[in-house]
Amino acid sequence: MYSNKNRTIQPSYKSNQYHSDLFYRSLFEFNPDTVFFLDREGVIAQVNRVFSEKLGYETNDVILQPLETFLPEKDGELYQEVFKQVLKDQFKRIHTKLFHKNGSYIYIWLSLIPAKNDGRVVGVFAQAQDITKEKQADRLNEHLAYHDSLTDLPNRRYFETRLKEEIITCNVKNQKLAVLYLDLDRFKYMNDTMGHTLGDVFLKKISDRLSECIYDKCFLARMGGDEFSILVPNLKNDKEPGEISERIIESLARPFIVDEYELYITTSIGVSVFPSDGEDMDTVLKYADVALYKAKEMGKNTYHIYTTGTNNPTYKRFILENDLRSAVDDNQLELYYQPKVCTEHNEIVGAEALIRWNHPKWGLIPPNEFIPLAEEIGIISKIERWVLYTACKQTKAWQDANFPPIPVSVNLTANRFLEKGFIQTIIKILEETNLEPHFLEIEITESSLLVNENVVFSILDDLRRIGIQISLDDFGTGYSSLSYLKRFKGRIDTLKLDRSFIYDLSYEDSEDDNYITKSIINLAHHLKMAVVAEGVETMEQLQILNQFHCNTIQGYLFSKPVPASEFMKLMSFDQLEAYSGKEEVDSSKLLEQRVYQIDYPILASMTINRMNGSRAEMDSVEVLIDQITDVGLRFISKNRLDHDQISVLKFNTEILGERVKIDGEILWSREVQPGIYHYGVEFQTGEHQPFIPFHLFY
Ligand code: C2E
Ligand code: MG
Ligand code: MG
């Protein structure tokens, strides 16, 4: 091995001894970790320099001390156990801490290695690898994973973990707990108005205020956005959740100073109690949420404690909320269009776009049911952007298809006006859809004008400058006063007279009603505003309105709001016919119901079942059904049927492979071409109800 002949060759074991001593001493001294040698009693016999550097002790202070002196007390037993095993010639590693002289500590992996001489374990080499940094990073990550970064409050995940633990405690100790679910009223609106930076400061202050006003035992978390939850463990009595809710509401009533603003906020609170309201976490949380919606319905700034009666209507609303969030993306929204008709020649002079939601489970949901909800949950702006875009695009498409160009009107909620970049959004949509601005009309209600008059005025002026028309919708239902109207001279192009004024018009009584309506029309004309009468249903109303020089009509008399494809058909007529009375109103009623989604027309055989109240025997004839809804159907036939005599018709057909028998009564009829008749039929209720699977309606 050693070829140098001049060198004195040491006995090989001595040479190894020498090298390994040096090697081990270096390994010991220059080890970047803390290392020490312990004798068989566990007493420190030797330490390296890093030990002093890391832990602040002089070497002499630690020699002859048991290592446990520097470990946390709770790890003592484990260490003893492990040490014994190392003396039996095993390698061991434990996770613990080493205390610094100043009382702080470092996290370490402590490796214990048997030190042997002549095959006998004479002591233990110990190496302490400092993992404090990793540990701190872990702890930070853990903190971030369980806390909300803005308010530093526990987040939803932490809340749920804690709730699960508390539920177990409740079960073991037979206790009750409450969950309070808070949602700040109109916060999203304020946030949009004042900007998100200030909004964040505001939220932080609100969360501080909440932390101050709850009891020590409570656990407060931010669930996201403007929602907070409070867990109240170990309820003393049934009144406690209510008391805490009142404290919160009271405490939020004081103003908040954010920047130089003095801001006010209220909250709605839903409460549910474990185990009386739900026996697991999900149910307790769900019912707190249901109760929260009840509190919102009750007018906000209040709390509601869940009871089984809370459930029904609100539960639908609760489900709707979740679904509404994805309705736009899932293409469940649709625009219907209702014509505005000029009665001089009965031609369509405009269309109002009215939104519908085709809910996969609940069917067609009217706007009044979900627009307020959309506002509440802060997605109205997305929906209204969709409405604007879709209506403009559709109108342009009709123009491109050579229909006479007509303006489309779109309804906007009040807050849209206060949104930053509102005008830019509209301009962008007009550019994207290539629609000229004067074909777009915006309908606002009086309440929009009350939000902030100066801002609204300047926006109205901007819109009109671009060429967009403005209508004041539902005039007469809000705070309308005739003198107030004067202020909008030159800012509003059209006044839409609310249906309630039209409903009361009649030749017979209610002279006063006629007079008021007439006066409003006159005043509007005087202020250079056009007038559209909404909700016109009868010929009588139409005639009176014409006498009052109100010639633009929107109402079932001419047409209900219809899908775009049907509206196109209406536009293809030179003139619209007015259909008054029960017949036509009912015919359009069928249109508005949920329509059975199949390929029309379908062939059916039809017989008359009853005539003049008695059973009729007649051969069946073939008819074409062109629409089925959940309340009736329409069919086309060459037979003229007198519906004063025929009471019950019987249809036999096949829908999606299913044989279907339908009984119904004729509601209306119309000769569409010479010798071709269109009929509307209402299903008979009761045992003869046709079998039509509900989910096939939209
Ligand atoms: P609105 O703007 O006053 O729309 C007219 C409402 O009256 C429509 O109800 C229409 O179907 C109904 N109507 C029209 N003619 C007659 C009639 O002769 N008789 C009766 N009884 N009713 C008639 P709809 O479509 O249910 O809309 C209700 C309200 O929802 C609208 O009132 C409007 O304020 C709001 N809305 C509709 N679409 C939107 C939208 O896209 N965005 C916003 N923000 N609101 C919308
Ligand atoms: Mg409207
Ligand atoms: Mg209206």
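This report covers a magnesium site and the surroundings of ligand 1 in a predicted model.

**Magnesium site**

The magnesium ion (ligand 3) takes its donors from Asp473 (OD), Asp474 (OD) and Glu534, the last giving two OE entries. Distances run from 2.0 to 2.7 Å. Along the chain, these donors follow the spacing D-D-x59-E. Asp473 also serves a second metal: this residue bridges the magnesium ion (ligand 3) and the magnesium ion (ligand 2). The two ions lie 3.9 Å apart.

Are the two Asp donors buried or exposed? Asp473 has a relative accessible area of 6%, so it counts as buried. Asp474 has 25% and is therefore partly exposed.

**Around ligand 1**

Ligand 1 is surrounded by 23 residues. The closest are Arg356, Glu384, Asp473, Glu537 and Tyr556. Asp473 thus appears here as well as at the metal bridge. By class, the shell holds eight nonpolar, six polar and nine charged residues.

Polar side-chain atoms approach ligand 1 at these distances:

| Residue | Atom of ligand 1 | Distance |
|---|---|---|
| Glu384 | nitrogen | 2.7 Å |
| Asn411 | oxygen | 2.9 Å |
| Asn368 | oxygen | 3.3 Å |

On its own, ligand 1 has 780 Å² of accessible area, and the protein covers 86% of that. Which elements give two or more residues to the shell? They are strand S14 (347-359), helix H12 (367-376), helix H13 (380-400) and strand S18 (469-475). S14 gives the largest share, four residues.

How values were computed
Residues are numbered from 1 along each chain as its sequence is written. Chains are lettered from A and ligands numbered from 1 in the order in which they are written. This is a predicted model: local features need pLDDT of at least 70, side-chain atom pairs count only at pLDDT 80 or more; totals for chains, interfaces and linings use all residues. Side-chain values use heavy atoms; hydrogens and water are left out. Donors are N, O and S atoms within 2.8 Å of the metal (3.2 Å for Na, K and Ca); water is not among the atoms, so sites may look incomplete. Buried means under 20% relative accessible area, exposed over 50%, partly exposed in between (1.4 Å probe, protein chains only). A residue is near a molecule or strand if one of its heavy atoms lies within 4 Å of it. A polar contact is a pair of N or O atoms within 3.5 Å; within protein, one must be able to donate a hydrogen and the other to accept it, and residues adjacent in sequence count only if both atoms are side-chain atoms. Accessible areas come from the Shrake-Rupley method with a 1.4 Å probe; for residues, only the protein chains shown count as cover. Ala, Val, Leu, Ile, Met, Phe, Trp, Tyr, Cys and Pro count as nonpolar, Asp, Glu, Lys and Arg as charged, and the others, Gly among them, as polar.
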